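Here's a quick tour of a model, with a look at its pockets, one of its helices and its cysteines. Have the viewer open as you read.

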Amino acid sequence: MILAIDIGNTNTVLGCCRGHDILFVERLSTAPSRTVLEYAISIKNVLELNKINRDEITGAIISSVVPPLTNQFRDAIKKIAQVDALIVGPGVKTGLNILMDNPAQVGSDLIVNAVAAIVEHEAPLVIIDMGTATTLSVIDRNKNYIGGMILPGIRVSLDSLVSRTSQLPRISLEAPKRLIGKNTTECMKSGVIHGNAACIDGMIDRIERELGEKTTVIATGGLASTITPHCFHEIVLDDALLLKGLMHIYYKNTGASDGALK
């Protein structure tokens with residue numbers, strides 16, 4: 001059994017993989033002030049809540065966009081499972097051909113998402129990850145990572161709106177009853193939900209126009225399930241995409257063969 005962890009700016013996604021199977025997907029708040037012991041306790045609690053025996057964990061892999069926390073999680077995993085985690089970074093085989101000006105600048109989370117999407121879906125692909133930032137990654141028909149876009153994240157935009165206006169309240173991220181709001185809260189919810197959905201639809205249209213062909217669109221991230229139901233394009237929602245990508249990268253680098261794709 002493999003423990004897979006992706007450290008994001010706001011949330012950390014973790015889960016366990018056995019062969020092709022993702023046994024669970026959970027999220028923890030990313031908190032730079034926590035100690036190794038605190039992270040170890042959090043991981044141990046998540047495993048116990050999902051009825052996972054930590055003695056069954058034979059390996060681990062971490063991707064991270066928060067470098068100061070990478071070693072914290074590596075040491076926490078070592079403390080609770082006595083395994084050395086593989087870190088996604090330079091020297092790790094991904095099988096992904098990155099056609100960017102500086103491939104080293106591509107975030108490890110984007111690489112991991114792309115690895116999973118290429119294995120499981122037909123290219124060309126658009127991969128949307130809705131987290132602290134909303135990112136779109138584009139994979140061409142030859143399965144090359146050719147670029148993408150970075151947009152302000154939904155919560156970041158909403159927090160900025162509320163903090164810079166004196167009369168707008170904090171709201172929950174849920175769809176309003178109607179598109180045209182009848183009060184301030186409904187208007188804000190419509191702007192956030194339908195506005196972001198329209199943005200995603202528009203970006204997909206522009207990507208497909210530039211590529212000259214239709215794409216398979218995959219969405220992941222904590223807010224994907226909130227926004228994508230309101231998009232007009234067909235979008236495959238895959239909350240476990242990151243963990244699937246980590247699983248494939250782990251098996252590719254370790255030579256493990258317990259049911260993983262080659």
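What follows goes through the pockets, then a helix, then the cysteines.

This is a predicted model, where local features need pLDDT of at least 70, side-chain atom pairs count only at pLDDT 80 or more, and totals for chains, interfaces and linings use all residues. Residues are numbered from 1 along each chain as its sequence is written, and side-chain values use heavy atoms, with hydrogens and water left out.

Pockets come first. On a 1 Å grid over the protein atoms alone, a pocket is an open set of points where a 1.4 Å probe fits, with protein on both sides within 12 Å along at least five of seven lines; lining residues have an atom within 4 Å of a point. A volume is the space filled by probe spheres set on the points.

| Pocket | Volume | Lining residues | Nearest the centre |
|---|---|---|---|
| Largest | about 750 Å³ | 37 residues | Asp109, Asp129, Gly131, Thr132 and Ala133 |
| Second largest | about 340 Å³ | 18 residues | Gly89, Pro90, Ala104, Val106 and Ile111 |

Elements giving two or more residues to the lining of the largest pocket include β1 (2-7), β2 (11-18), α3 (108-120) and β7 (125-130). β9 supplies the largest share, five residues. (Helices, H or I of at least four residues, and strands, E of at least two, are DSSP runs numbered from the N terminus.)

How do the linings divide by class? The largest pocket has 15 nonpolar, 16 polar and six charged residues, while the second largest has 12 nonpolar, six polar and no charged ones. Here Ala, Val, Leu, Ile, Met, Phe, Trp, Tyr, Cys and Pro count as nonpolar, Asp, Glu, Lys and Arg as charged, and the others, Gly among them, as polar.

Now for α3. It's mostly covered, with 11 of its 13 residues buried (under 20% relative accessible area, 1.4 Å probe, protein chains only). Among them are Asp109 and Ile111. At 1.5 Å a residue, its 13 residues should span 18 Å (1.5 Å times one less than the number of residues), and the end C-alpha atoms, 19 Å apart, agree with that.

Last, the cysteines. How many disulfides (cysteine sulfur pairs within 2.5 Å) does the structure hold? Zero. Cys187 is in none, as the nearest cysteine sulfur, that of Cys199, is 20 Å away. At 43% relative accessibility, Cys187 counts as partly exposed (from 20% to 50%). Why is Cys231 not bonded to Cys199? Its sulfur is 9.2 Å from that of Cys199, the closest, so it's too far for a bond. Cys231 counts as buried, at 10% relative accessibility.

Note on methods: A disulfide is a pair of cysteine sulfur atoms within 2.5 Å.
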